[in-house]
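Colleague: Please take a close look at one part of this model for me, the helix that carries the salt bridges. Set it in its surroundings as you go.

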Amino acid sequence: NSGILYNITMQVENKITEEWLSWMQQVHIPGMMGTGCFVKHQLLKIMNNEFEDEQTFAIQYFATTIYKFNQFEKNFLAQELKKISDKWNAAVIFFTTTMEIVN
């Protein structure tokens with residue numbers, strides 16, 4: 001086992017993309033990294049976007065062990081996802097995926 005990747009895919013309305021990016025970099029990412037459960041992250045823009053009025057991004061967080069990820073899930077996950085919903089309502093639609101890194 002090489003760790004756990006926690007991915008949040010977000011569809012962001014074009015008119016708020018700049019504000020959303022600032023919020024991600026100043027609030028969301030520091031909050032997620034501040035949990036102490038992840039060792040690194042990356043923010044990606046999905047290129048083959050079929051919607052003109054929104055863009056899709058993926059933010060990935062890496063946990064070194066299932067224990068660390070379970071700590072995040074138990075103690076922080078619900079409140080971190082609620083912050084996204086509370087801040088952006090329907091302007092940002094998101095879903096999460098949890099993956100085991102195989103190699």
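Modeller: One definition comes first. The radius of gyration is taken over C-alpha atoms, and the globule rule is 2.2 Å times the number of residues to the power 0.38. For 103 residues that rule puts a compact globule near 13 Å; the protein has 14 Å, so the two agree. Keep in mind that this is a predicted model.

The frame around the helix is quickly drawn. The protein has 3 helices and 4 strands. Their order along the sequence is β-α-β-β-α-α-β. Along the principal axes, the C-alpha atoms fill a box of roughly 40 × 30 × 20 Å. Of the 103 residues, 38% count as buried. Take the contacts with a separation of 6 or more: 73% of them come from residues 24 or more positions apart. The exposed area is about 6200 Å², and carbon and sulfur atoms supply 53% of it.

Now the charges. There are 8 positive and 11 negative side chains. The centres of the two sets lie 11 Å apart. The salt bridge count comes to 4. For the cut-off, a side-chain nitrogen of Lys or Arg must lie within 4 Å of a carboxyl oxygen of Asp or Glu.

Helix α3 covers residues 77–88. Start with Glu80, which is found in this helix. Is Glu80 buried or exposed? Its relative accessible area is 5%. Buried means under 20%, so Glu80 falls in that class. Glu80 touches Gly31, Met32 and Phe72, leaving aside residues up to four places away in sequence. Helix α1 spans residues 17–33, and helix α2 spans 66–75. Glu80 also has a charged partner: Glu80 and Lys83 form a salt bridge, with the closest N and O atoms 3.0 Å apart. The two residues sit 3 positions apart in helix α3, so about one helical turn separates them. Lys83 is partly exposed, at a relative accessible area of 39%. This bridge therefore joins a buried acid to a partly exposed base.

A second bridge runs within the helix. Lys82 and Asp86 meet at 2.6 Å, N to O. Both lie in helix α3, 4 residues apart, which is about one turn of the helix. Asp86 is partly exposed, with 48% relative accessibility.

The bridge of Lys87 leaves the helix. Its partner is Glu19, and the closest N and O atoms are 3.9 Å apart. This pair links distant parts of the chain: Glu19 belongs to helix α1, Lys87 to helix α3, and their positions lie 68 residues apart. How exposed are the two ends? Glu19 is partly exposed, with a relative accessible area of 45%. Lys87 is partly exposed too, at 40%. The 3.9 Å value falls within the 4 Å cut-off, so the pair is counted.

What follows the helix? Asn89 is found in the loop between α3 and β4, and that strand covers 92–100. Phi of Asn89 is near 50°, a positive value in a residue other than glycine. Asn89 counts as exposed, at 57% relative accessibility.

Two other loops help to place the rest of the chain. Thr65 lies in the loop between β3 and α2. Thr65 is partly exposed, with 34% relative accessibility. Thr65 and Glu100 are 35 residues apart in sequence; their C-alpha atoms are 9.5 Å apart in space.

The other loop holds Asp53, between β2 (40–45) and β3 (54–63). Asp53 counts as exposed, at 54% relative accessibility. Not counting residues up to four places away in sequence, Asp53 touches Val12, Glu13 and Asn14. The C-alpha atoms of Asp53 and Asn14 are separated by 5.6 Å, with their positions 39 residues apart along the chain.

Back to the helix for a short summary. Glu80 is buried and pairs with Lys83. Lys82 pairs with Asp86. Lys87 reaches across to Glu19 in helix α1.

How values were computed. Residues are numbered from 1 along each chain as its sequence is written. This is a predicted model: local features need pLDDT of at least 70, side-chain atom pairs count only at pLDDT 80 or more; totals for chains, interfaces and linings use all residues. Side-chain values use heavy atoms; hydrogens and water are left out. Buried means under 20% relative accessible area, exposed over 50%, partly exposed in between (1.4 Å probe, protein chains only). Contact means heavy atoms within 4.5 Å. Accessible areas come from the Shrake-Rupley method with a 1.4 Å probe; for residues, only the protein chains shown count as cover. Lys and Arg count as positive and Asp and Glu as negative; His and the chain ends are not counted. The place of a charge is taken as NZ of Lys, CZ of Arg, CG of Asp or CD of Glu.
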